[in-house]
Structure formats: structure tokens, C-alpha cells
2 protein chains.
Amino acid sequence: MKMTKEEQQLSPVTCSAHHRAISDTMDILSGKWKIRIIGELIFGKKRFGELLSSIEGIAAKMLSKELQDLETNQLVKRTVRQTKPITVEYELTAYGRTVKPVITAMANWGQQHRELIRKKQ
Amino acid sequence: MKMTKEEQQLSPVTCSAHHRAISDTMDILSGKWKIRIIGELIFGKKRFGELLSSIEGIAAKMLSKELQDLETNQLVKRTVRQTKPITVEYELTAYGRTVKPVITAMANWGQQHRELIRKKQ
DNA sequence: GAAAGTAGTTTCCTTCAGGAAACCAACCCA
DNA sequence: TGGGTTGGTTTCCTGAAGGAAACTACTTTC
């Protein structure tokens, strides 16, 4: 039986692994804010309050919870700095930066989609 | 002011467009089943019942609703075939196939993530 | 001693995505 | 006449996600 390149790539044997991998990614990036937070941290370290004001619409509760999730999954590192009022810095780990291609793929497709919709109307 | 390559790419000017693009993508691929459905249709046309049994765990109501969403967004084409009991075929549009890089990026990252977790434990 | 700035946590509430099961409707076959 | 097959829709329900606002705790400054 001949298979196209695509079918080889996604053969039934590797198919369930494929689904699992996608599920894993969706679980880790799930929720309304995780990708926004990662997008904010791609530029570098940010303090809790900075994230709170730069991510429009997020409440402190959600920011705190989502950052904990990201920390649990090793995507983000939390550092308490012994400043006058204590400040806390969040930054992407090297591992967290590996998510960038996923985000880029989504951004590219979304942009193309928007252009296509605009042209049609 | 000097900027790294990354900062040029994601300059403040294009930043909100970037967020919008990501939101668009997430909206269209949102929900528990859309990516699974697209993944199933990458192999070719499938009837409603075939999708229902090949996508483990989905209920008819959800399948119906998600397919409608995908059709609305031009990712999927629905064709009624005048067979003895009427059958309905769903297939990806050419446009629907452009989502593949996004799914591939998610699958790749998920797989890498799983391997990393496995090595650590 | 009060106010202001840091980084959260707690409580209470609402909404909505999604699941289970029953139902519908057209058609064929026996 | 009634069961099987197709492709759905309707109804009812629940859990989880997320929002608003108040509260905590520590320190510095006024």
C-alpha cells in the first residue's frame, strides 16, 4: 500500500500519540490568559504588578493562578527579590521559550485569516 | 535604541495586532473537539457517523455543533449525498488545510514536552 | 499612627461549555 | 407495519472557568 508523505507522517500507529501530544499542549496552554502571559514575558522579566497592568482585563486572582500553573509546568520562573517593598519577578524559562513556535504558528494563521476575511467583505 | 531581532519582530506597534491574531485563532479552534475533528478530516472525507465513531467520546450534539462552527468559518465543507439513506460528507476546505501548521506545531511541542517529563522522572 | 505600595488570597457569584439520553424525520427493506 | 440506518435536534443538567470586590500581610514613608 502506497502512502502519501502526509499519511506516513500521521500513520495509525503514531496517531494516538499525536492526539496525546496535542492534548498535552492544549492542557498546558488552556485557559483564557496563559498565552497572553507568555506573550508578555517573551520581552523579558516582569513583576506581578507590571503583568497586572499590561494584560488588559485580567484580575489579580487569575493572574496569580495562571502564573502558578505555568510555574508548575516549568514554563515560568518566579523570583522573590528582597527590595524595599518585596517585589516578585516572573520570567520565561529556557523551556518556556520553546513554546514560541506554537504561538507564532497561531499568530501567523490568525493574521492570514483576518486578511482573508477582510478581502472577502 | 537598539533592539534584538525578537523585539523588532514584536514591536509595540504590531503588538496588539499580534494579540488579536492569536485570539482569532484560539476562538476558531476553541472547544474540546475542533482540533480532533480537523485531525480526523486531514485524512480525507468522512461521513457524520464515521466521525462519530472515530472520535472517541464525542456526542452527536457536540459533533454537530462543532462541525457547524467549522463550516461557518470555512474550514470544513458539508456535502449532502443523495444516497438511499441520505449521507452527509464532511471534508476540509483548502483553507481548512492551512490550519495544519498550527496543529503540527502543537503536536511537536506536546511530544517534546512528554519526552522531557519522562526523562525527568 | 495612617497611608501607600508591594503581591497576593478569599469569598461569592454567574455563565457557559459540555455530557446523557431521549426524541425526530426521512427512507429502505422484508 | 415495523425495524434498521442515516443524520441530526431537543431537553435537562452539572461542573468548571472566570469575574468583582473585599481582605491580608509586610514595609516604608509621611
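A residue counts as near a molecule or strand if one of its heavy atoms lies within 4 Å of it. That rule opens the tour of this predicted model, in which local features need pLDDT of at least 70, side-chain atom pairs count only at pLDDT 80 or more, and totals for chains, interfaces and linings use all residues. Residues are numbered from 1 along each chain as its sequence is written, chains are lettered from A and ligands numbered from 1 in the order in which they are written, and side-chain values use heavy atoms, with hydrogens and water left out.

Start with DNA strand D. Around it stand 19 residues, and A:Lys32, A:Lys61, B:Ser64, B:Arg78 and B:Tyr90 come nearest. Of the strand D atoms that come within 4 Å of the protein, 74% belong to sugar and phosphate. Some polar contacts can be named; such a contact is a pair of N or O atoms within 3.5 Å, and within protein one must be able to donate a hydrogen and the other to accept it, while residues adjacent in sequence count only if both atoms are side-chain atoms. A:Trp33 places a polar side-chain atom 3.2 Å from a phosphate oxygen of strand D. For the side chain of B:Arg47, the distance from an N or O atom to a phosphate oxygen is 3.4 Å. B:Val88 uses a polar backbone atom, 3.1 Å from a phosphate oxygen.

Which elements line this strand? Helices (H or I, at least four residues) and strands (E, at least two) are DSSP runs, numbered from the N terminus. Helix H5 (60-72) of chain A supplies at least two residues, as do helix H4 (48-54), helix H5 (60-72) and strand S3 (87-92) of chain B. The largest share, four residues, comes from H5(B).

Now turn to DNA strand C. It too is surrounded by 19 residues, the closest being A:Ser64, A:Arg78, A:Tyr90, B:Lys32 and B:Lys61. A backbone N or O atom of A:Gly49 lies 3.2 Å from a phosphate oxygen of strand C. The side chain of B:Lys32 has an N or O atom 2.6 Å from a phosphate oxygen. B:Lys61 reaches a base instead: a side-chain N or O atom is 2.3 Å from a base oxygen. H5(A) gives the most to this surface, with four residues.

Two of those closest residues, A:Arg78 and A:Tyr90, also meet in a sheet. A:Arg78 stands opposite A:Tyr90 in S3(A). The open sheet of chain A has three strands in the order S1-S3-S2, with antiparallel pairing; two strands pair if DSSP finds at least two bridges between them. S1 (46-47) and S2 (76-81) are the edge strands. S2(A) and S3(A) pair over six bridges.

Finally, look where the protein chains meet. Chain A puts 38 residues in contact (heavy atoms within 4.5 Å) with 40 residues of chain B. The buried area is about 3800 Å², with 66% from carbon and sulfur atoms; this is the accessible area (1.4 Å probe) that two parts lose on being put together, summed over both. In chain A, A:Tyr95, A:Met106 and A:Trp109 lose the most area, together 18% of what that side buries. Two salt bridges cross the interface; each is a side-chain nitrogen of Lys or Arg within 4 Å of a carboxyl oxygen of Asp or Glu. One of them joins A:Asp24 and B:Arg114 (2.9 Å, N to O). There are also 12 residue pairs in polar contact, both at pLDDT 80 or more. Helices H1 (5-9), H2 (12-28), H3 (34-41) and H7 (100-120) of chain A each give two or more residues to the side that touches chain B. H7(A) provides the largest share, 15 residues.
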